[in-house]
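Visitor: I should like to be guided through this chain, one step at a time. Could we begin with its overall plan?

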Amino acid sequence: MSNSAIKIEDAVDKLLGVLDEDVRHIRKSLSRLDDLRHSVIKRDDASLHQLLEDAQSESGSYKNRAARRRLLREELAVALGCAPGQMTLSRLEAELSGARKAQVSERKMTLQTLIDRLRTEHTGTMMLLSDCARFNGMLLKSVLQLGQTGGITYSPRGSVQRQINTAFVDSQF
């Protein structure tokens, strides 16, 4: 086996390790989105705060993993004689054979499936949060409009009653 082939095998092994970490990260992100939706629906502030802290603490490890992936991509591109921008899992899969090709193919399919699921879950979560913001805005607007002068209400008999000089919140202490 040539020196170049050994370098490629070594880089592929390292890349498979990084891809496995990416799979775990995406699965954890899916779980975190599910927890976020549950916490928002239950209005569990402590859980939301914990989710935020967890996400912030993991951002550094994701950056490190992305940097390792980029370096491995560049190393494989040089070894296979292509530009780093052209080095994809599909290209790598085409260059490999045997067990390594199957391993790369499996990781690629797993990542594609998880990323599609993550997009769907992310969209659903964003829609939920958008609806919550809209409902909160409508509620706040209705509460603040109660104190406006000149508001019109109707009695049970259908006669008009105007709210004059009333306020929902007393601003004096």
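Guide: From the N terminus on, the elements run α-α-α-α-β-β. Helices (DSSP runs of H or I, at least four residues) and strands (E, at least two) are numbered from the N terminus. This is a predicted model, in which local features need pLDDT of at least 70 and side-chain atom pairs count only at pLDDT 80 or more, while totals for chains, interfaces and linings use all residues. Residues are numbered from 1 along each chain as its sequence is written, and side-chain values use heavy atoms, with hydrogens and water left out.

Visitor: How many helices and strands does the chain have?

Guide: The order of elements is α-α-α-α-β-β. The chain therefore has, by the DSSP runs, four helices and two strands.

Visitor: What percentage of the 173 residues in the chain is buried?

Guide: Buried means under 20% relative accessible area, exposed means over 50%, and partly exposed lies in between (1.4 Å probe, protein chains only). Of the 173 residues in the chain, the buried ones make up 21%.

Visitor: Is Arg 32 buried or exposed?

Guide: Arg 32 lies in helix H1, residues 3-42. Contact means heavy atoms within 4.5 Å, and, leaving aside residues up to four places away in sequence, Arg 32 touches Leu 51, Asp 54, Ala 55 and Glu 58. Because its relative accessible area is 17%, Arg 32 is classed as buried.

Visitor: Which class of exposure does Glu 75 have?

Guide: Glu 75 belongs to helix H2, residues 45-80. Not counting residues up to four places away in sequence, Glu 75 touches Lys 7 and Ala 11. Its relative accessible area is 36%, so Glu 75 is partly exposed.

Visitor: How far apart in space are Glu 75 and Ile 8?

Guide: In sequence, Glu 75 and Ile 8 are 67 residues apart. From C-alpha to C-alpha, their separation in space is 8.3 Å.

Visitor: Which element gives the largest share of the largest nonpolar core?

Guide: A nonpolar core is a set of buried Ala, Val, Leu, Ile, Met, Phe, Trp, Tyr and Cys residues joined through side-chain atoms within 4.5 Å. Of the 21 residues in the largest such core, Val 12, Leu 76, Met 87 and Leu 92 touch the most other members. The elements giving two or more residues to this core are H1, H2 and helix H4 (98-146). The largest share, 10 residues, comes from H1.
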